[in-house]
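Hi,

Here is the structure I promised to pass on. Have a look at it first, and my notes follow underneath.

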Amino acid sequence: MSRKVKQSKPHAKPAPHAMDSAALAADAAAALSASRFKEATELFKELVKRERQTAWVDGLAESYAGRAQELAAKGMVKEALMLWRNRAQLCGKPLAQGDYLVWLLRAGERGEMLQFLSDKSLPDAMRLNLEMHLAASILAEPNATPSGLSPDSALLRHLPGARAALEAYCKGDFVALETHLQAIPFRSPYRDLKTVLKALSLLQTDVEGARAAITRLAAGGAFERLAAVVRAAVLPEDGWLAALRDLDENGRQMLLDIKGCPNALRPFLLELAKLGAAPAPAQLFDLLTRFRRVIPEEALSALCLRLFPQMGRSIERLPDFKKLPKETQLHMMALAAEAQGVLGSAEEYWKDLANLLSKIPDQKLRAALVLRHLADIALDNKMDTELNAEAFRYVEKSLELDPDDRSSYLAIIRTLRCENELAKARAFLDRALPRFPKDAGVLLEAVEVALAGKAFKKAVGFAKQVLELDPINPKVRGLIGQALFSHARKQIKARNLAAARKELDASEEWLRSPVEWATLKLLRVFLTEYLDETLLRAAVADLGGSLVGAFRLLLEAGKVGHDPRSLLLSSGCNLTAPPPAEAVVALAQVLNAAPDGAKALGAALGPLRATLKRALKMPFSEADYLLVCEALHRCEDHELLTAFTKEALKRWPGRPVFVYLNVIARHGSDIYFIPYKDQDALDRAAREAHKQGDHRTSSRIRTLLSPPEEDMDDDSFDPFDLPFPEEGSFGSAMEGFLGELSEAKGESLGGALEEFLNDPRKMFEMLVAMQGEKAFLEIMRKEFGKQEFDELKRQCGGNQKDLIRMLVDAMVEGAEMEMPAPVNRPGPRKPKSPAPKNQKDLF
Amino acid sequence: MSNPYRILDVPTTADDETIRAAYLSLIRDCPPERDRKRFERVRTAFEAVSTARGRLAHALFDKTAPTPEDVLAEVVAAFQPRPVDDKHLRRVLGAK
């Protein structure tokens, strides 16, 4: 029969008296090293009881000292004194050591302190320290005569001078103060008081001096409480408010005295300090409200106005809010809405405010600023240099109220120029130029508007004005230089070589960069009847040689109508050898920087395709490979992009950006033509990109997979067009469609619905025709869900028309139509008058 | 941003010249290589209110809540510097 083995209990530590001395000594030493003074005291006591070994006695003394320090630090001074006396008694250590004397003072046991002072064997340094601590407490009692001191004690001898100095300071008599301070000797127990009073006297006139003085005083001295107040008072800026928290009540009152705080404001300030460095706005508001009667009205008003926007919707319920002028209420509500992120509401409040202010003669500038702020809100992307329609209206209106804002003119002129509304742009320029005749920005816009309107002489005139203000302005030189080149190219293409030469000669004044000079050289090649090969080769070399030079040559050839291949042959470019990676990267940089469109760039790249393909296996870094692929994507060279991205995916398998570019290269960027397998790959790539933190690629793929809905912000809305479905359900789309149908036919909604139910296929086909295939597919995607929709797509092999037919079949055959309940719908409609003339036929 | 007027130590009614002078004086004390944080704070404050338009725009569109130091700066105008009350000073000296 087996027995269960009993689990023994954890071995309990024996009591000290039961341990042998060696083990006990080891434990005691460990406790002392670990600052477990209470435990160490007990263990050493037991050891010393057995035998008064020196090491054990010293250990006990040290334990007592450590424990006493701990207790004193917690404010248990009497207990600390008791332990210290035990230390003296049991271990034979002198009492007058460490902080004993300070504790005596703190405990109010002045009698014993004075006994020590009368002991002539007390070391001088200890005597001075003792006297300094006593000095502070003596000075606290202005009229008392301290007893128990020897008549020749420095404490008594220097006391009148110290008292007089304090009195002089409190009266503000700094001349007398200086005299009394001079009379206090260096080794006086009152010497720290000298430093503190000196610093205090400098506070109003020389804060730096006060700071320097108090810094010289070591911390923890006899007058430390006084010094701490001065240290707080000299903190830079408003740091003293936070320092209030670290002082005791007496120190706080003294600090507030120094700062000159009126008594009525003190409770407020003390509560403010307690709130900490970053209180919630509601806490600050509550504090201001509670102390409103003592805070100066102007200050209270300014602070509350700054806090109102932080109070959110509750701002309207604040009793004082309604008493504010209407203008201030709108202002606060606008800011509050912005602070909450409710931009729609904010916009409405700002608009109301702008309207109100625009009617007040001296508030037009503020109204204009509000309108410009509305323009900022209206801009989707604040980095846009062109204004959208809404922002444009706001900025235009703001100029009526404040015609002197340069940035507004520039934004408007730039927008009009980019929209090719040159007459309007010129009208605004005519208003801006007299106001800003010497402004390079405005003049630069004038150059661009003139160039856009083909007023070249005017452009040159403005350009010269810009250069007078800013001689090295590269942009204006570039603009004029390029304009002259553009004219020259047109002349070359038209074989007007003399005219072309004139343009090129005129361009010399404006050129700066080596590429511009090289382009000039190349264009001059086209001026000669017979090809000047030397000049051509020199130009191509200047344009970057081999690949880059060849590309630039081909680009120019395309612009001037010259045969690119024959030029390439004479150019001296070696395009048969595989180009080094650096040359391909340099070409990519040129492609990315070129202002030309994809068509021109693609045409110029064509003859270089074979050369570039030879570079596929070159040792590119991933970043350089990406640069090249993005450049090819920009040029829409799908052949090269396919080749490069295929190679990239061999080297860096699954890299999301290359997956994306490879799919685009093979299928284009219309989701409906991307096979399901590639959509899957894109989906995986998007998730991987997101995981890697490549949010740009993730976003590009998401946009490709889920193209955004069409922009409905269209001013040309035709009320007889069927509305786009609202976001979400098929049901709401049908509701809209049936509603329009019923109105057009002069029927009730029920009538339109009945017609639908009788021939749903006809109605669905009509829905597709009216709303467009893309919109219909988007509705169906939401209706079926992505998974089911994608499955149907796969069944159709990606063919859009087949997919639509399949979806209509599915809807007609089985899907139950969800018609939203007619909530809050008006009663049956009255028969309509005949439809307007320009209404489209619906059937 | 904390109150830019407080940072520049100018009243809210200060004009362009006063603000510019205050700014130049402050950045002399805290050039960027010595105290970058403070320099940037002063620079940001200056850019916000250096022109009349800027000051109006700041008053209209600033949404930042005041800090305790901003509150202090508003009420400190009521302070009148004076020597310490004898009673308070002696209490500090005699505190146990």
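Which residue follows α43(A), and is its phi positive or negative? It's Gly772(A), with a positive phi near 95 degrees. Bear in mind throughout that this is a predicted model.

The helix before that glycine, α43 of chain A, covers residues 760-771, twelve in total. From first C-alpha to last it reaches 16 Å, close to the 16 Å expected at 1.5 Å a residue. Its buried residues are Met763(A), Phe764(A), Met766(A), Leu767(A), Val768(A) and Gln771(A). For reading that list: an α-helix has 3.6 residues a turn, so residues three or four places apart point the same way.

Now the aromatics. Over all chains there are 14 aromatic pairs. Take Trp240(A) and Phe79(B): their rings are 6.4 Å apart, centre to centre, with 50 degrees between the planes, which makes the pair tilted. Trp240(A) lies in helix α14 (residues 239-244) of chain A, while Phe79(B) is in the loop between α5 (68-75) and α6 (86-94) of chain B, so this pair joins two chains. Both Trp240(A) and Phe79(B) are buried.

There is also a cluster in chain A, where ring pairs link Phe620(A), Tyr625(A), Phe644(A), Trp652(A) and Phe658(A).

Last, two arginines to look at over rings. Arg87(A) has its charged end over the ring of Trp84(A), 4.3 Å from the ring centre. Arg191(A) has its charged end over the ring of Phe186(A), and there the distance to the centre is 5.3 Å.

Cheers

Terms used: Residues are numbered from 1 along each chain as its sequence is written. Chains are lettered from A and ligands numbered from 1 in the order in which they are written. This is a predicted model: local features need pLDDT of at least 70, side-chain atom pairs count only at pLDDT 80 or more; totals for chains, interfaces and linings use all residues. Side-chain values use heavy atoms; hydrogens and water are left out. Rings of Phe, Tyr and Trp (its six-membered ring) pair if their centres lie within 6.5 Å; planes under 30 degrees apart count as stacked, over 60 as edge-to-face and the rest as tilted. Helices (H or I, at least four residues) and strands (E, at least two) are DSSP runs, numbered from the N terminus. Buried means under 20% relative accessible area, exposed over 50%, partly exposed in between (1.4 Å probe, protein chains only). A charge sits over a ring if NZ of Lys or CZ of Arg is within 6 Å of the ring centre and within 35 degrees of the ring normal. The expected span of a helix is 1.5 Å times one less than its number of residues.
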